[in-house]
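Open the model in your viewer and keep the selection panel at hand. The stops below go from one helix to the empty spaces in the structure.

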Amino acid sequence: MDKKDTVIFDLDGTLLNTLEDLRDSVNVVMQKYGYPVHSLEEIRTFVGNGIGKLMERSVPGGRDNPDLEQALSDFKRYYTGHCRIKTKPYDGAVELMRVLSDHGFKLAIVSNKNDAAVKELNDIYFGAYTKAALGDQEGRARKPAPDAVFAALEQLGSSKGQAVYIGDSEVDHETAVNSGLDCILVSWGFRDREVLERFEGAVVVDTCEEIQKLLL
């Protein structure tokens with residue numbers, strides 16, 4: 001991998017293990033409407049394309065369910081207030097950010113999670129190291145579209161040739177490809193290693209220390 005000075009991270013499944021809070025928030029909404037609740041493994045397969053798609057996959061009937069829009073609104077409100085009950089950084093994630101920042105890297109987070117939750121979680125865990133944290137906003141296409149990545153690069157004063165994108169899913173790989181960035185995929189997130197190894201051009205790592213070795 002060519003020398004970089006900018007790193008853009010996915011959030012869920014890459015820096016933070018958010019799965020239990022996502023599951024619990026989805027299931028609060030499912031119970032409100034009398035729908036079946038979902039297991040952690042089910043939610044693991046539902047995430048990656050934003051909370052709209054998460055709820056579409058969670059409610060019976062998906063897009064055809066007349067409760068979908070209200071259920072999504074209920075989820076946004078509940079999750080924003082309960083997004084860090086069980087959520088915690090993956091082992092080595094905060095240290096990785098610190099080391100990269102100390103070595104002069106410009107760091108950002110780009111996520112399909114709703115923007116308010118992204119900014120809150122970034123402020124709590126990574127705000128000392130990041131210069132931008134972008135979540136899903138109305139009027140900006142979500143990943144795998146490159147729009148949020150390009151917005152982050154502009155905020156950082158960086159170009160795509162200087163940057164690498166780090167994520168944990170097929171959505172993150174496609175985002176990197178669409179943005180013209182090199183890609184690192186982590187095996188500890190929401191997709192299994194054998195899935196990640198199928199994506200051409202991506203480097204798959206098992207620890208934060210491996211990321212440091214690749215970038216420093």
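Begin with the surroundings of helix 10: the buried residues of this helix pack against strand 1 (6-9), helix 5 (93-102), strand 6 (163-167), strand 7 (182-186) and strand 8 (203-205). Keep in mind that this is a predicted model.

**Stop 1: helix 10**

Select residues 208-215, which make up helix 10, and colour its buried residues: C208, I211, Q212 and L215. These four are on the same side of helix 10 because they cover an arc of only 100 degrees around the axis. Add the strands and the helix listed above to the view to see what the buried residues of helix 10 contact.

**Stop 2: the largest pocket**

Next, select I51, G52, K53, L72 and R142. Of the 14 residues that line the largest pocket, these are the closest to its centre. The volume of this pocket is about 260 Å³. Show helix 3 (51-58) and helix 4 (68-81) as well, since these are the elements that give two or more residues to the lining of the largest pocket. Which classes of residue make up this lining? Colour by class: the lining of the largest pocket has 8 charged, 3 polar and 3 nonpolar residues.

**Stop 3: the largest cavity**

Now turn to enclosed space. How many cavities of 30 Å³ or more does a search of the whole structure find? There are 2.

For the largest cavity, select D12, V47, G48, G50 and N112, which lie nearest its centre among the 18 residues of the lining. The largest cavity has a volume of about 220 Å³. Helix 3, strand 4 (106-114) and helix 8 (170-179) each supply at least two residues of its lining. Strand 4 gives the most, with 3 residues. By class, the lining of the largest cavity holds 7 charged, 6 nonpolar and 5 polar residues.

**Stop 4: the second largest cavity**

Finally, select S111, N112, G135, D136, Q137, R140, A141, R142, K143 and A148, the residues that line the second largest cavity. The elements that give two or more residues to this lining are strand 4 and strand 5 (132-136). The space in the second largest cavity is about 30 Å³. Its lining divides into 4 charged, 4 polar and 2 nonpolar residues.

Before closing the session, label two residues. N112 lies near the centre of the largest cavity and also lines the second largest cavity. R142 is among the residues closest to the centre of the largest pocket, and R142 also lines the second largest cavity.

Key: Residues numbered from 1 in each chain as written. Predicted model: local features only at pLDDT ≥ 70, side-chain atom pairs only at ≥ 80, totals over all residues. Heavy atoms only, no water. Buried < 20%, exposed > 50% of the residue type's maximum accessible area, 1.4 Å probe, protein only. Arc of directions from axis to C-beta. Contact = heavy atoms within 4.5 Å. 1 Å grid on protein atoms, 1.4 Å probe; cavity = no way out; pocket = protein on both sides within 12 Å on 5 of 7 lines; lining within 4 Å. Points joined across faces, edges and corners; volume = space filled by probe spheres on them. Nonpolar A, V, L, I, M, F, W, Y, C, P; charged D, E, K, R; others polar.
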